[in-house]
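Me: I have a structure to go through with you, and I'd like to take it piece by piece. Could you put it up here before we start?

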Amino acid sequence: MTESSRLSAVRASYDAVAVDYARLLTGVLEAAPLDRAMLGAFAECVRGGGGGAVADVGCGPGRITAYLNGLGVRAFGVDLSPAMVAVARRSYPGLRFEVGRMAPLDVADGALGGVVAWHSTAHTPPGELPAVFAEFARVLAPGGYALLAFEAGGGRRRLDHAYGHPVDLDVYATPPGLAADRLAEAGLAEVARLVREPDPDETGPRGFLLTRKPPSA
Ligand SMILES: C[S@@+](CC[C@H](N)C(=O)[O-])C[C@H]1O[C@@H](n2cnc3c(N)ncnc32)[C@H](O)[C@@H]1O
């Protein structure tokens with residue numbers, strides 16, 4: 001599959017599920033204290049580093065963008081799926097959401113205090129992760145932070161049905177050490193990592209990596 005046919009399939013799949021995804025994910029973050037702890041630490045780091053803007057890449061319905069804004073971070077969302085962006089704009093009319101790709105990102109070099117990719121690299125084949133992480137490093141200001149949430153593990157899973165709709169998705173789980181190595185190779189040094197056990201409705205352990213572009217970069 002070429003990159004553009006893969007992205008078309010991801011876009012069409014999330015367009016189909018957008019409304020039900022948003023409905024089914026309501027309240028999930030509120031019941032996940034460790035996930036919120038990582039977002040809280042990320043927000044505090046970004047604020048402490050000068051409070052630059054944060055891109056929530058693969059923002060989906062905007063729940064993480066909104067949560068970060070509630071923590072005093074100027075976050076905006078970017079997503080491949082126009083239907084997801086429409087849901088996000090409807091749900092959070094005061095916030096900025098744009099249709100776009102996470103790589104390349106339509107953002108100037110060094111313009112951001114942070115990047116968050118919250119389960120949005122799940123459909124990126126492992127071989128394409130270096131280019132995505134290099135893009136995160138490019139848009140971050142020196143000293144800026146990147147936070148990655150992902151399914152920890154390994155391998156690829158086919159998904160033809162999700163959130164009550166037919167979809168056409170590959171889902172990749174990533175070993176935390178491998179993700180940390182790829183981020184480091186892109187110039188994003190590990191600050192902290194967390195792996196938590198799956199909740200009953202999750203398919204595997206959840207990994208979280210907080211990384212930083214060196215202040216002197
Ligand atoms: C599992 S959802 C997560 C959404 C959101 N981060 C959340 O936690 O609610 C994955 C999202 O990533 C988006 N996505 C996947 N690949 C993308 C890419 N290359 N560029 C931009 N968005 C992408 C999808 O459209 C989808 O909305």
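Reply: One term first: a polar contact here is a pair of N or O atoms within 3.5 Å, where within protein one must be able to donate a hydrogen and the other to accept it, and residues adjacent in sequence count only if both atoms are side-chain atoms. This is a predicted model, so local features need pLDDT of at least 70 and side-chain atom pairs count only at pLDDT 80 or more, while totals for chains, interfaces and linings use all residues. Residues are numbered from 1 along each chain as its sequence is written, and side-chain values use heavy atoms, with hydrogens and water left out.

Me: Good. Which side chain does aspartate 56 join in a polar contact?
Reply: The side chain of aspartate 56 makes a polar contact of 2.7 Å with the side chain of threonine 65. Aspartate 56 sits in strand β1, residues 54-57, where helices (H or I, at least four residues) and strands (E, at least two) are DSSP runs numbered from the N terminus.

Me: And what is the nearest side chain of opposite charge to aspartate 56?
Reply: That is arginine 63, at 7.9 Å, and aspartate 56 is buried without a salt bridge. Buried means under 20% relative accessible area, exposed over 50% and partly exposed in between, with a 1.4 Å probe and protein chains only. For charge, Lys and Arg count as positive and Asp and Glu as negative, whereas His and the chain ends are not counted. A salt bridge is a side-chain nitrogen of Lys or Arg within 4 Å of a carboxyl oxygen of Asp or Glu.

Me: What does aspartate 56 touch, beyond residues up to four places away in sequence?
Reply: Aspartate 56 touches Ile64, Thr65, Phe76, Gly77, Val78 and Val116, with contact meaning heavy atoms within 4.5 Å.

Me: Switching to the ligand: how many residues surround it, and which are the closest?
Reply: There are 19 residues around the ligand, and the closest are Gly58, Arg63, Asp79, Met102 and Trp118; a residue is counted as near if one of its heavy atoms lies within 4 Å of the molecule. Helix α1, residues 3-25, gives the most to this shell, with four residues.

Me: Which ligand atoms lie close to polar atoms of arginine 63, aspartate 79 and tryptophan 118?
Reply: An oxygen atom of the ligand is 2.6 Å from a polar side-chain atom of arginine 63, and an oxygen atom of the ligand is also 2.6 Å from an N or O atom in the side chain of aspartate 79. At tryptophan 118, a polar backbone atom is 2.9 Å from a nitrogen atom of the ligand. The ligand taken alone exposes 590 Å², and the protein buries 96% of that, with accessible areas from the Shrake-Rupley method and a 1.4 Å probe; for residues, only the protein chains shown count as cover.

Me: OK, salt bridges. How many are there in the whole structure?
Reply: A search of the whole structure finds 17. As background, side chains of opposite charge can pair when their charged atoms come close. One of the bridges joins arginine 23 to aspartate 20, with the closest N and O atoms 2.9 Å apart. These two residues are three apart in helix α1, so about one helical turn separates them.

Me: Which strands hold arginine 158 and aspartate 170?
Reply: The side chains of arginine 158 and aspartate 170 meet in a salt bridge at 3.0 Å, N to O. This pair links distant parts of the chain, with arginine 158 in strand β6 and aspartate 170 in strand β7, 12 residues apart. Arginine 158 is partly exposed at 42% relative accessible area, whereas aspartate 170 counts as buried at 18%.

Me: What reaches the backbone oxygen of aspartate 170?
Reply: The side chain of histidine 123 does, at 2.9 Å. Histidine 123 lies in the loop between β4 (112-118) and α5 (129-139), and is buried, with a relative accessible area of 8%.

Me: Last one, the backbone: which peptide bond is cis, and what is the phi of histidine 119?
Reply: The peptide bond from alanine 103 to proline 104 is cis, with omega near 0°, and proline 104 lies in the loop between β3 (97-99) and β4. Histidine 119 has a phi near 55°, a positive value in a residue other than glycine. Tyrosine 163 is not a glycine either, and has a positive phi of about 50°; tyrosine 163 is in the loop between β6 (156-162) and β7 (165-172).
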